[in-house]
Amino acid sequence: MHSKHVELCLNFCCEVGRQLIRNGAEIYRVEESASRMLAAYGYPDAEVFAVPSCVIISIHYGERNYTKSVRIKSSANNLDKLDRLNALCRSVCRDVPEIETATQELRAIIGRPAYPAWVSYLGHGCVAAFFTLFWGGHALDAAIAFLCGMIVKAAVGYMVRRNANAFFINLIASMLLVMVPVTLTYAGCAAIHTDKIIIGAIMLLVPGIAITNVMRDVIIGDFMTAISKLAEVLLVAMAIAVGIAIPFGIAHALFGGI
């Protein structure tokens with residue numbers, strides 16, 4: 001019976017770790033959360049190892065070692081689910097519910113519907129518009145950036161549904177958002193600030209959280225995680241740079257300088 005309890009704890013903590021990473025949690029948070037929950041269930045000597053693409057947990061009980069690993073193929077930032085997962089971890093450590101009860105709560109969190117599409121489009125548009133204003137654009141620039149933000153949301157959503165990798169997702173999204181202000185500029189709309197519109201909209205794609213986490217991982221000495229996340233950051237940055245350059249290059253080749 002206790003062997004079954006070990007396996008249930010192992011499955012539960014691995015799934016919590018996977019969901020934390022998938023929804024944008026830091027690696028140290030995943031390892032600490034899983035370790036604390038296992039200690040609460042009576043396994044203080046369990047080993048937890050996590051990287052952005054994998055979680056491995058090992059529990060030594062009696063004469064046996066129980067080990068499980070789970071893969072994480074994609075991740076995003078969903079602060080609603082992340083907050084609920086953190087609350088579940090704290091609840092498990094504080095109240096130590098039955099593992100079946102905790103698993104049911106975890107399934108309820110996983111099964112929560114995503115944000116409605118209109119909320120996501122509105123959020124992307126507002127972020128692009130306000131960043132454009134922040135960088136010195138005027139009202140017309142912000143309105144165009146709002147449209148660019150919604151284009152980014154549509155492009156990213158389409159590419160994710162096609163299981164594209166991070167490079168091509170950011171490449172296509174940055175290309176499409178740049179086409180709007182570049183087209184307007186070459187069409188003779190001199191009242192807009194192309195640079196401020198692009199800078200404001202491109203903030204939707206800049207991996208700011210990942211960059212911050214890389215610096216934190218370097219400071220605490222977790223170099224393996226830092227290197228893997230840094231590679232991802234550099235890949236995304238390269239895709240954004242190439243995606244911005246392509247429309248400008250095509251427009252310059254067809255119509256010349258402005």
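1. Which side chain has a polar atom 3.1 Å from the backbone nitrogen of His138? In this predicted model, the side chain is that of Asp141. Asp141 itself belongs to helix α6, which spans residues 139-161.

2. Asp141 is buried and yet forms no salt bridge. Lys196 carries the nearest side chain of opposite charge, at a distance of 6.8 Å. Because a salt bridge needs the nitrogen within 4 Å of a carboxyl oxygen, Lys196 at 6.8 Å does not supply one.

3. The side chain of Asp141 does make a polar contact with the side chain of His193, at 2.8 Å. Once neighbours within four places in sequence are set aside, the contacts of Asp141 are Thr132, Ala191, Ile192, His193 and Ile197.

4. The second largest pocket has a volume of about 180 Å³. Helices α2 (27-40) and α3 (79-95) each contribute at least two residues to the lining of this pocket. The largest share comes from α2, with 5 residues. Among the lining residues are Tyr28, Arg29, Glu32, Ser33 and Arg36, and also Asn86, Cys89, Arg90 and Cys93.

5. Is Met224, in helix α10 (residues 223-255), buried or exposed? Met224 has a relative accessible area of 54%, so it counts as exposed, the cut-off being over 50%. Beyond residues up to four places away in sequence, Met224 touches Phe49 and Val51.

6. A separation along the chain can be set beside one in space for Met224 and His124. These residues are 100 residues apart in the chain, and 32 Å separates their C-alpha atoms.

Methods:
Residues numbered from 1 in each chain as written. Predicted model: local features only at pLDDT ≥ 70, side-chain atom pairs only at ≥ 80, totals over all residues. Heavy atoms only, no water. Helix = DSSP H or I, 4+ residues; strand = E, 2+ residues; numbered from the N terminus. Buried < 20%, exposed > 50% of the residue type's maximum accessible area, 1.4 Å probe, protein only. Lys, Arg positive; Asp, Glu negative; His and termini not counted. Polar contact = N/O pair within 3.5 Å; in protein donor to acceptor, adjacent residues only side chain to side chain. Contact = heavy atoms within 4.5 Å. 1 Å grid on protein atoms, 1.4 Å probe; cavity = no way out; pocket = protein on both sides within 12 Å on 5 of 7 lines; lining within 4 Å. Points joined across faces, edges and corners; volume = space filled by probe spheres on them.
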